[in-house]
Amino acid sequence: MLHFDCDYMEGAHPLILERLVEHNMVKTIGYGCDDICAEARRKVLEACGNPDSEVHFLVGGTQTNSTVIKALLRPHEGVIAASTGHIAVHESGAIEASGHKVLTLPHRNGKLVATDIDHYIEHFYGDESFEHMVFPGMVYISLPTEYGTLYSLAELEAISEVCRKWQIPLFVDGARLGYGLASEECDVTLADLARLCDVFYIGGTKVGALFGEAVVIRKGLVPRMFTIIKQQGALLAKGWLLGLQFDTLFTDGLYLKIAAHAVAEAKRLREALEAKGYRNYYLSPTNQIFLLLTPEELERVKQVVTYTEWERLDDGQTVIRLATSWATRKEEIDLLIEKL
């Protein structure tokens with residue numbers, strides 16, 4: 001049985017494991033205040049072309065989304081997201097549990113549209129009773145989206161402009177950011193994200209690290225961010241474990257190199273499946289493949305590969321997701337193509 005359920009089934013890149021073993025018995029100061037984390041922050045900001053931002057290391061995606069959103073919002077505010085957004089669908093109500101509402105808007109291929117955001121906020125303040133309602137306090141998007149689709153630079157610039165107009169922060173969930181940036185269809189760079197977003201994070205858990213996300217935040221946007229992270233139970237005592245992993249990922253371009261491998265293998269698998277008559281439900285140019293299967297096709301696929309069930313349609317067909325990762329071997333792709 002082959003396993004393509006998600007992109008975080010393997011452990012960590014061998015170079016990370018080597019460095020973890022090397023540093024294992026070195027006494028290191030806690031909470032990310034060590035030299036390793038300082039160097040990792042420097043490398044991340046250098047890659048972003050924005051040395052004046054702050055970098056904070058957290059353990060996982062849901063923890064990061066919840067902490068950042070709570071830090072940015074006032075008690076009466078909510079966060080705008082696509083109806084398919086991760087915080088709206090797949091985080092067990094973590095944002096609502098923090099006391100903030102997710103204000104969902106219709107999506108287009110998993111993406112928010114700048115004009116829709118603008119109209120929503122304009123209509124909100126045009127309502128005479130707006131003070132009785134949840135205020136739109138920030139915008140959340142993910143790159144790639146839940147459908148594996150990408151925001152173009154023009155789309156990101158338009159959304160950023162709307163956020164500046166209404167003076168609310170733009171937050172980009174980058175749990176799979178590496179696989180987005182490595183796509184041939186992506187025209188957005190880390191420097192663009194640093195320029196256009198108030199906060200974004202670089203996902204490590206799904207892209208080569210054992211665990212960890214690097215939050216890049218505009219300096220001074222959230223006073224005492226360190227303390228807020230601790231208050232949320234998100235401050236790792238052995239912070240060097242996070243810093244060392246990102247220091248490794250951002251040495252010699254490793255992060256994008258391994259992400260590009262996953263995207264290339266997904267493209268090869270996608271093209272082979274199309275040639276065999278399988279149908280794509282969403283056209284994703286990243287490391288995720290979404291297939292529309294009849295009941296008969298689903299039974300056949302079940303015998304060969306594990307996957308994530310994405311959606312069941314009224315006509316009896318099922319949408320499944322296959323995901324490659326930084327660790328996917330070419331031999332696995334070859335075997336899956338052969339078996340299907």
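In this predicted model, a good place to start is the open sheet, whose 7 strands follow the order β2-β8-β7-β6-β5-β3-β4 with mixed pairing. At its edges sit β2 and β4 (102-105), each of which pairs on one side only. On average, neighbouring strands of this sheet are turned by 25° against each other, direction ignored.

Let's look at the β2 end. Here β2 and β8 run antiparallel and are joined by 5 bridges. If you find His56, you can step across to its bridge partner in β8, Val215. Helix α11 packs on the sheet, where it touches β2, β7 and β8, and its direction makes about 115° with that of β2.

Now follow α11 itself, which spans residues 240-249. Of its 10 residues, 9 are buried, so the helix is largely enclosed by the rest of the structure. Among those buried residues are Trp240, Leu242, Leu244, Phe246 and Leu249, but also Gln245, Asp247 and Thr248. What do the buried residues of α11 pack against? Their partners are the helices α1 (14-23), α2 (35-48) and α12 (254-275), together with the strands β2 (54-58), β7 (199-203) and β8 (213-217).

Finally, turn to the nonpolar interior. The largest nonpolar core has 61 residues, and Val139, Leu193, Phe200 and Ile202 have the most contacts inside it. Apart from this core lies another, of 24 residues, which include Leu72, Ile87, Tyr140 and Val215. Phe200 is worth a closer look: leaving aside residues up to four places away in sequence, Phe200 touches Cys48, Phe171, Val172, Leu177, Leu190, Leu193, Ala194, Ala214, Val215 and Val216.

Key: Residues are numbered from 1 along each chain as its sequence is written. This is a predicted model: local features need pLDDT of at least 70, side-chain atom pairs count only at pLDDT 80 or more; totals for chains, interfaces and linings use all residues. Side-chain values use heavy atoms; hydrogens and water are left out. Buried means under 20% relative accessible area, exposed over 50%, partly exposed in between (1.4 Å probe, protein chains only). Helices (H or I, at least four residues) and strands (E, at least two) are DSSP runs, numbered from the N terminus. Contact means heavy atoms within 4.5 Å. A nonpolar core is a set of buried Ala, Val, Leu, Ile, Met, Phe, Trp, Tyr and Cys residues joined through side-chain atoms within 4.5 Å. Two strands pair if DSSP finds at least two bridges between them. Axes are lines fitted to C-alpha atoms, for helices over the stretch in contact, and angles run from 0 to 180 degrees between N-to-C directions.
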